[in-house]
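Colleague: I would like to learn how to read a chain like this one. Could you walk me through it, feature by feature?

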Amino acid sequence: MKKTKNYFQKALMTFNGGSWWGWKTHDSNGDKIPNEDRMQYQHIKIIKDGATMPSEADVNAKIQEIKDADTAAANKKASGKQKLKDLGLDDAEIKALTGA
């Protein structure tokens with residue numbers, strides 16, 4: 001089973017030196033936020049002294065940057081495999097060399 005990346009949390013990790021945030025459990029009216037709805041920008045709470053809240057635009061830009069890097073890496077991997085095929089290697093040989 002392929003693991004889905006949580007780009008939102010991965011982006012948050014790039015700010016303030018790592019684990020600086022948690023999730024609010026109740027909204028401003030005191031109503032409980034369901035667990036499945038907590039992981040949203042508006043429910044971030046700062047839990048590390050000295051940390052500052054990045055703007056939502058900065059977080060979204062970082063998410064896109066990470067996605068773009070993942071896409072570029074996947075494209076390079078596919079391109080490299082194709083080049084090996086073009087050199088005459090079969091799928092088993094490529095897998096033995098690359099592990100993928």
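Colleague: Let's start with burial. What share of the 100 residues in the chain is buried?

Modeller: Keep in mind that this is a predicted model. A residue counts as buried when its relative accessible area is under 20%. Here, buried residues account for 20% of the 100 residues. The accessible surface of the chain is about 7300 Å², and carbon and sulfur atoms contribute 52% of that.

Colleague: Which elements does the chain have, and in what order do they run?

Modeller: Count 3 helices and 2 strands. Starting at the N terminus, the order is α-β-β-α-α. The radius of gyration is 20 Å, well over the 13 Å that the globule rule gives for 100 residues, so the chain is more spread out than a compact globule. You can set that beside the box filled by the C-alpha atoms, which is roughly 65 × 25 × 20 Å along the principal axes.

Colleague: What do the contacts say about residues far apart in sequence?

Modeller: Take the contacts between residues at least 6 apart in sequence. Of these, 45% join residues at least 24 apart.

Colleague: And how far apart are the mean positions of the positive and negative charges?

Modeller: The chain has 17 positive and 14 negative charges, and their mean positions lie 4 Å apart.

Colleague: Now to helix H2. How does its reach compare with the span expected at 1.5 Å a residue?

Modeller: To read a helix, set its end-to-end C-alpha distance beside the expected span. H2 covers residues 56-86, which is 31 residues, and reaches 45 Å from its first C-alpha to its last, close to the 45 Å expected. Just after H2 comes Gly88, whose phi is positive, at about 105 degrees.

Colleague: Which residues of H2 are buried, and what helps to cover them?

Modeller: Val59, Ile63 and Ile66 are buried in H2, and helix H1 (7-12) is included in what covers the buried residues of H2. Look at Val59 in particular: its relative accessible area is 1%, so Val59 falls under the 20% cut-off for a buried residue. Leaving aside neighbours within four places in sequence, Val59 is in contact with Phe8, Ala11, Leu12, Phe15, Tyr41 and Pro54. For a distance to check yourself, the C-alpha atoms of Val59 and Asn35 are 21 Å apart, with their positions 24 residues apart along the chain.

Colleague: Can we try residues in a loop? Is His43 buried or exposed?

Modeller: His43 sits in the loop between strand E1 (21-23) and strand E2 (44-46), and it is buried, at 13% relative accessible area. Neighbours within four places in sequence aside, the contacts of His43 are Gly22, Trp23, Lys24, Ile33, Asp37 and Arg38.

Colleague: Ile33 is one of those contacts. Where does Ile33 lie?

Modeller: Ile33 also belongs to the loop between E1 and E2. At 5% relative accessibility, Ile33 counts as buried. Beyond neighbours within four places in sequence, Ile33 is in contact with Lys24, Thr25, His26, Asp27, Arg38 and His43. The C-alpha atoms of Ile33 and Trp23 are separated by 9.5 Å, and these two residues are 10 apart along the chain.

Colleague: One last feature: how should I read a positive phi?

Modeller: The general idea is that most residues other than glycine have a negative phi. In this structure, Asn16 has a positive phi near 60 degrees and is not a glycine.

Colleague: Where is Asn16, and how accessible is Asn16?

Modeller: Asn16 is in the loop between H1 and E1. With a relative accessible area of 26%, Asn16 is partly exposed.

Key:
Residues are numbered from 1 along each chain as its sequence is written. This is a predicted model: local features need pLDDT of at least 70, side-chain atom pairs count only at pLDDT 80 or more; totals for chains, interfaces and linings use all residues. Side-chain values use heavy atoms; hydrogens and water are left out. Helices (H or I, at least four residues) and strands (E, at least two) are DSSP runs, numbered from the N terminus. The radius of gyration is taken over C-alpha atoms; the globule rule is 2.2 Å times the number of residues to the power 0.38. Buried means under 20% relative accessible area, exposed over 50%, partly exposed in between (1.4 Å probe, protein chains only). Contact means heavy atoms within 4.5 Å. Accessible areas come from the Shrake-Rupley method with a 1.4 Å probe; for residues, only the protein chains shown count as cover. Lys and Arg count as positive and Asp and Glu as negative; His and the chain ends are not counted. The place of a charge is taken as NZ of Lys, CZ of Arg, CG of Asp or CD of Glu. The expected span of a helix is 1.5 Å times one less than its number of residues.
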